[in-house]
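Please open the structure in the viewer and keep the selection panel at hand. The tour below proceeds by selections, each followed by a description of what is found there.

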Amino acid sequence: MIEPRFTLGDTVFMANYERKETSIVCPDCLGSARVRVILGDGTELKIECGGCDPGGYQQSTGRIRQYEYAIKIIKRTVTGINLGDSDVEYRMDGHDGHCYIGSQNGDFRVFATEDEAKIGGEMLRQKHEDEENRRLLAKTKNHKTWSWNATYHRNNIKRLEREIEYHRSKVEICKSRVKEEI
Ligand SMILES: [Zn+2]
């Protein structure tokens, strides 16, 4: 069991993270939103870049969303303590209606002084920023997925072409029948 550093009514400081949206040029397509893929049989294709694909039916943009984090130190009063096995959780209700949860050792840490919160918060700021930006870059450098996507789309085109051919043949048969009947 860990010893709680603060008690009810103590004034504590916490770093609050504010993020600002930025973007970088996609490292895979260098902003063109298209990449060239060479398949196993030597076929060369240009496909939509998977690295900067925003998902869904949206087109790749050539850029990837990133965030810049800034810290803002907030001063609160401890209004609740939750003793865990490896960490202590502090609850800080404010008169503004916002409730903050911080802990002694976790990623959102509670400090005794403003200076301590600035230093500790800055160290964790980089961690939060890196984690989020890494997650947003997760689709890049994924060459296996690209060739899979290319093969997938090509197979779908082939299948749909066969279907169109089939339906067209049906329509043509009907047309020729109509002619015969006339
Ligand atoms: Zn891209």
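Select Gly42 to begin: this residue takes a positive phi near 90 degrees, in the hairpin of E2 and E3, which has five residues between the strands. The model is predicted, and the backbone angle should be read accordingly. Extend the selection to strand E2 (residues 34–38) and strand E3 (residues 44–48); the two run antiparallel and are joined by five bridges. Within this pairing, Val37 of the hairpin stands opposite Leu45 in E3.

Next, display the open sheet of three strands, whose order is E4-E1-E8 with antiparallel pairing. E4 and strand E8 (110–111) are its edge strands, each pairing on one side only. Select strand E1 (residues 11–25) together with E8: two bridges connect them in the antiparallel sense. Here Met14 stands opposite Val110 in E8. Now add helix H1 (residues 114–136), which packs on the sheet and touches E1, E4 and E8. The direction of H1 makes about 155 degrees with that of E4.

Which residues make up the largest nonpolar core? Select Val12, Phe13, Met14, Ala15, Val88, Tyr90, Met92, Val110, Phe111 and Ala117, 10 residues in all. The elements giving two or more residues to this core are E1, strand E6 (88–93) and E8. E1 supplies the largest share, four residues. As a general background, nonpolar side chains tend to be buried together in soluble globular proteins.

Centre the view on Val110. Leaving aside residues up to four places away in sequence, Val110 touches Phe6, Val12, Met14, Tyr90, Gly102, Ser103 and Gln104. Then move to a second, separate core of six residues, which includes Cys26, Cys29, Cys49 and Cys52.

For the last stop, select Gln66, which is found in strand E4 (residues 63–77). Why is Gln66 classed as partly exposed? The reason is a count of 17 other C-beta atoms within 10 Å, whereas a buried residue would need 20 or more and an exposed one 12 or fewer. With residues up to four places away in sequence not counted, Gln66 touches Thr22, Ser23, Ile24, Asn133 and Leu136. Finally, draw a distance from Gln66 to Phe108: the two residues are 42 residues apart along the chain, and their C-alpha atoms are separated by 21 Å.

Terms used: Residues are numbered from 1 along each chain as its sequence is written. This is a predicted model: local features need pLDDT of at least 70, side-chain atom pairs count only at pLDDT 80 or more; totals for chains, interfaces and linings use all residues. Two residues are in contact if their C-beta atoms, placed from the backbone, lie within 7 Å. Two strands pair if DSSP finds at least two bridges between them. Axes are lines fitted to C-alpha atoms, for helices over the stretch in contact, and angles run from 0 to 180 degrees between N-to-C directions. A nonpolar core is a set of buried Ala, Val, Leu, Ile, Met, Phe, Trp, Tyr and Cys residues joined through C-beta atoms within 7 Å.
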